[in-house]
Amino acid sequence: MTETGGLAFSAHIASGPTAVAGDAAVFAFDTASGGANWVVNTVAAAGTPQGVDTGIAVEASVWYKLGILINSSGDAQFFINDDLVATVEGAITPATAHTPWLSNKALAATATVFNVDYIGIVNNA
């Protein structure tokens with residue numbers, strides 16, 4: 001994944017996300033856009049970014065299990081707490097190496113914090 005300023009997308013929204021990465025598949029929550037739900041953003045081969053509102057509200061002090069499954073065709077399935085919440089066909093370029101990525105950017109004067117309990121990575125290639 002390529003990125004700018006620690007972000008793969010400069011606008012993490014469902015309708016018209018702005019990608020700065022050439023290939024990426026991410027979960028996002030963008031307080032600057034007034035969003036209340038988890039959103040997924042994808043971009044393949046520096047093409048048109050795609051965004052999907054999962055309909056799952058982000059709640060303070062709640063732990064979430066987030067998962068992304070990408071098949072050999074570059075299609076991505078997104079899971080929250082083991083429930084499928086979005087599928088994006090052609091989400092990324094399948095032949096491109098991808099790196100797991102966590103980022104947190106405060107877009108206001110108030111600091112933001114997120115806690116990560118564990119990360120699991122499986123490659124069935």
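## A first look at an all-strand chain

Counting its secondary structure, this chain has 0 helices and 8 strands. What you have here is a predicted model. Follow the sequence from start to end and the pattern reads β-β-β-β-β-β-β-β.

Some overall figures first. The chain has 125 residues, and 25% of them count as buried. Its accessible surface comes to about 7800 Å², with 52% of that belonging to carbon and sulfur atoms. Among the contacts in the chain with a separation of 6 or more, 36% are between residues 24 or more positions apart.

### How the strands pair

Three pairings are worth finding in the structure, and here they are side by side.

| Strands | Direction | Bridges |
|---|---|---|
| strand 3 and strand 4 (residues 37–43) | antiparallel | 5 bridges |
| strand 6 (residues 66–70) and strand 7 (residues 76–80) | antiparallel | 5 bridges |
| strand 7 and strand 8 | antiparallel | 5 bridges |

Strands 6, 7 and 8 belong together: these 3 strands form an open sheet in the order 6-7-8, with antiparallel pairing. Strand 6 and strand 8 (83–88) are the edge strands, each pairing on one side only. From one strand to the next, the twist averages 20 degrees.

To get your bearings inside this sheet, pick out a couple of bridge partners. Leucine 69 has glutamine 77 of strand 7 as its bridge partner. Phenylalanine 79, for its part, is partnered with leucine 84 in strand 8.

Now look at the hairpin of strand 6 and strand 7. There are 5 residues between the two strands, and in this hairpin glycine 74 takes a positive phi near 90 degrees.

### Strand 3 and its partner

Is strand 3 largely enclosed or largely open? It is largely enclosed by the rest of the structure, because 5 of the 5 residues of strand 3 (residues 24–28) are buried. The side chains go two ways: Ala24, Val26 and Ala28 point to one side of the strand, Ala25 and Phe27 point to the other, and all are buried. Across in strand 4, valine 40 stands opposite phenylalanine 27.

Threonine 42 is another residue of strand 4 to look up. Its relative accessibility is 1%, so threonine 42 counts as buried; the cut-off for that is under 20%. Which residues does threonine 42 touch, leaving aside its neighbours within four places in sequence? They are Phe9, Ala24, Ala25, Pro49, Gln50, Phe78, Val88 and Ala91.

### The nonpolar cores

The largest nonpolar core has 12 residues in all: Ala25, Phe27, Trp38, Val40, Ala76, Phe78, Ile80, Val85, Ala86, Val88, Ala91 and Ile92. Strand 3, strand 4, strand 7 and strand 8 are the elements that give two or more residues to this core. Apart from it lies another core, of 6 residues, including Phe9, Ala24, Val26 and Val43.

Strand 3 is a good place to see how the two cores sit. Ala25 and Phe27, which point one way from the strand, are in the largest core. Ala24 and Val26 point the other way, and they are among the residues of the 6-residue core.

Finally, go to isoleucine 92, one of the residues in the largest core. Setting aside its neighbours within four places in sequence, isoleucine 92 is in contact with Asp23, Ala24, Ala25, Val43, Ala44, Ile70, Ser73, Gly74 and His98. Gly74 in that list is the glycine with the positive phi, from the hairpin of strand 6 and strand 7.

Conventions
Residues are numbered from 1 along each chain as its sequence is written. This is a predicted model: local features need pLDDT of at least 70, side-chain atom pairs count only at pLDDT 80 or more; totals for chains, interfaces and linings use all residues. Side-chain values use heavy atoms; hydrogens and water are left out. Two strands pair if DSSP finds at least two bridges between them. Helices (H or I, at least four residues) and strands (E, at least two) are DSSP runs, numbered from the N terminus. Axes are lines fitted to C-alpha atoms, for helices over the stretch in contact, and angles run from 0 to 180 degrees between N-to-C directions. Buried means under 20% relative accessible area, exposed over 50%, partly exposed in between (1.4 Å probe, protein chains only). Contact means heavy atoms within 4.5 Å. Accessible areas come from the Shrake-Rupley method with a 1.4 Å probe; for residues, only the protein chains shown count as cover. A nonpolar core is a set of buried Ala, Val, Leu, Ile, Met, Phe, Trp, Tyr and Cys residues joined through side-chain atoms within 4.5 Å.
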